[in-house]
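Colleague: Please pick one part of this model and walk me through it closely. I'm in my first year, so spell out the terms as you go, and show me the rest of the chain too.

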Amino acid sequence: MDKKRIAEILDEMGTLLELKGENPFRSRAFHNASQIISGVTEDLSTLVKSKSLTEIKGIGSGLAGIITDLVTKGVSKQHEELRSSIPKGVLELLHLQGLGPKKVKVLYERMDIKSIAELKKACEQKLLRPVDGFGAKTEENILKSIEQRERSSDKHLYPQALESAEKIVHMLKGIKGIKRCDYAGSLRRRKEIIGDIDILVSAADKNRSDILKKFTTYEEVESVLATGDTKASVILKNGIQCDLRVVKDAEYPFALNYFTGSKEHNVEVRSLARKYGWSLNEYGFTHIEESKSSRKGSKIPSCDSEEDIYKALGLHYIPPELREKTGEIEYAQKHAIPKLIELSDLRGTFHCHTTDSDGLSTLEQMVETAKKLEWEYLGIADHSQAAAYAGGLSPEKVHAQMKQIDRMNEKDSNFRIFKGTECDILSDGSLDYSDKLLSEFDYVVASIHSKFKMTEDEATKRIIKALKNKYVTILGHPTGRLLLEREGYPVNMNEIINVAADYGKAIEINSHPMRLDLDWRYVKYAKEKGVRIFINPDAHHVDGLHDVQYGVGIARKGWLEAKDVVNTWPIRQVIHFLERK
DNA sequence: GCCGTTTTCGGCCCGACTGTTTTCAGTCG
């Protein structure tokens, strides 16, 4: 059993213990162990063999026993017992915003509610309000949470969808008879929110049924929705729907273009084709009947790639990320498509958490990975003291970390570790460390982590006050860092950008996937105002790179160039920028 | 359940908010 699954099981055991009303510290030990295991870099079976699991801080003999069972036998008796004592649907109740273990326990034990559907019904029938600790408002909030969950159930974050899609593409490419294979759709366009995964392959007709069969019986498939001659739809174990289409190889570039979208982009491209006297669909170009076209179609060029299709229409190649009907056709006609930022443009980053706060990797591991990525520098920005839930650093711990960084920098002059902090912006807009301490950092990322239910005015004022602090270098996640089912806080980004421009601060891209319209616009406006952008990996485990890809995705859509982005600059330029504060 | 010892058991990150209370429990980050 792999590390990820073991961490999930330990986490689930912690939750089940909470639901059973066990000693909260006991359940916390399981949650804690889950975090620890997912951050362990050594091979677990090696640790089991050498009986050295208990040497890890936080893993005692009890947890070591459970982990050993999971690694060697694939099951744990304690886990099985816990699991059989609570219905699966009860665990799902915990995913609802506002419901924690105590309330869920009451719902299950007193009201016999075992699923979200049953809970919804009970709220609608106003059955909860007589129960101690519940009221009309609680019912209302629960219904709201259920509604929100239903709305986002068919939406998935880019990194999760990407991981699944890459595995499937890899599996398909191993099948004999497949000529080309890619994922298409919103995933290829690097949208932050993905509906479903579209995968396209080309193969000879005789191989189609074999390919579709291998796809529908793939180990990650939970259920098969439909399967036909040329396409199949499945639901993956992580809940994402995945569609596979098989086409002839000659049709492949057209199908890839068609299924990549966006729909709006396709409409523009197809209408452009009509001006050439051609009709474009997912199979290729065809001549428009002369009676239906004012222009007689010229000879259709052969197309073996998407580049050929765009070229045939007099266009520069348009990368998928820009196919959103945001003016890309005009840019392509003028051959003025920008060179997009690639992951390989990154020279370092500034928003990294280590195990000193809530990161999963140690400072040494983070640095080692950054060097492997051929980065030139790494900025360490652990949480400040107010973020106690995330292990925020006291001033003493900050100094200890700074000393460690100095020692590491002395040892290796070819790589630079910058001393930073992700300092909380407190509710009144002041910062969580004294100016004296802030002045000791190479740079300061300032972010909000508390009191999210602010009005736009409150949030904007709070951020602007912090931005004016001379030691702040970068504004962290300006619209909030909450994902999918949560809401961010409203801010007046234009006002914030104006202040950032006046005070020479950089702004982070990371944001809130549900509110990306705001992020796009702010990235464009920031560029106009000359405010530097910083792509946020918010890296807890730097080799994961998921958050980095996500940030790069938004940067590309904002038509940013590498020179606009702080962490694509060479180290000299970065030092100059940081010293300017 | 783990840790760190005053080696046999007490303490285990905290502050703000909400909705329920009538002084606090539960949830969140």
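Modeller: Let's start on the outside. Chain A has an accessible surface of about 27,700 Å², and 49% of this area belongs to carbon and sulfur atoms. Such areas come from the Shrake-Rupley method with a 1.4 Å probe, and for residues only the protein chains shown count as cover. Keep in mind that this is a predicted model, where local features need pLDDT of at least 70 and side-chain atom pairs count only at pLDDT 80 or more, while totals for chains, interfaces and linings use all residues. Residues are numbered from 1 along each chain as its sequence is written, chains are lettered from A and ligands numbered from 1 in the order in which they are written, and side-chain values use heavy atoms, with hydrogens and water left out.

Now the overall build. Chain A holds 24 helices and 15 strands; these are DSSP runs numbered from the N terminus, helices being H or I with at least four residues and strands E with at least two. The C-alpha trace spans about 80 × 60 × 55 Å along its principal axes. For 581 residues, a compact globule would have a radius of gyration near 25 Å, and the 27 Å of chain A agrees with that. That radius is taken over C-alpha atoms, and the globule rule is 2.2 Å times the number of residues to the power 0.38. Of the 581 residues, 51% are buried, where buried means under 20% relative accessible area, exposed over 50%, and partly exposed in between (1.4 Å probe, protein chains only). Among contacts in chain A with a separation of 6 or more, 66% join residues 24 or more positions apart; a contact means heavy atoms within 4.5 Å.

The part to zoom in on is α13. Helix α13 covers residues 252-260, and 8 of its 9 residues are buried. Those buried residues are Tyr252, Pro253, Phe254, Ala255, Leu256, Asn257, Phe259 and Thr260. What about Tyr258? With a relative accessible area of 31%, Tyr258 is partly exposed, while its neighbour Phe259 is buried at 17%.

Those two neighbours also bring in the aromatic pairs, of which the structure holds 12. The ring centres of Tyr258 and Phe259 are 5.0 Å apart and their planes lie at 85°, so this pair is edge-to-face. Here is the rule: rings of Phe, Tyr and Trp (its six-membered ring) pair if their centres lie within 6.5 Å, and planes under 30 degrees apart count as stacked, over 60 as edge-to-face and the rest as tilted. Elsewhere, ring pairs link Phe350, Tyr377, Phe418, Tyr443 and Phe534 into a cluster.

Next, follow α13 off its end. Gly261 comes after the helix and has a positive phi, near 70°. The peptide bond from Gly261 to Ser262 is cis, with omega near -5°. Ser262 sits in the loop between α13 and α14 (263-275). To see what makes this worth a look, remember that most residues other than glycine have a negative phi, and most peptide bonds are trans.

Which other residues have a positive phi without being glycine? Arg190 is one, at about 55°, and His335 is another, near 50°. Arg190 lies in the loop between α11 (185-188) and β3 (193-194), and it is buried, with a relative accessible area of 16%. His335 belongs to the loop between α16 (328-333) and α17 (363-372).

Arg347 is in the loop between α16 and α17 as well, and at 28% relative accessibility it counts as partly exposed. Leaving aside residues up to four places away in sequence, Arg347 touches Trp375, Glu376, Tyr377, Asn567, Thr568, Trp569 and Pro570. Thr326 is 21 residues from Arg347 along the chain, and their C-alpha atoms are separated by 29 Å. Compare that with Gly392 and Thr421, which are 29 residues apart along the chain with C-alpha atoms separated by 9.8 Å. Gly392 is found in the loop between β10 (377-383) and α18 (395-411).
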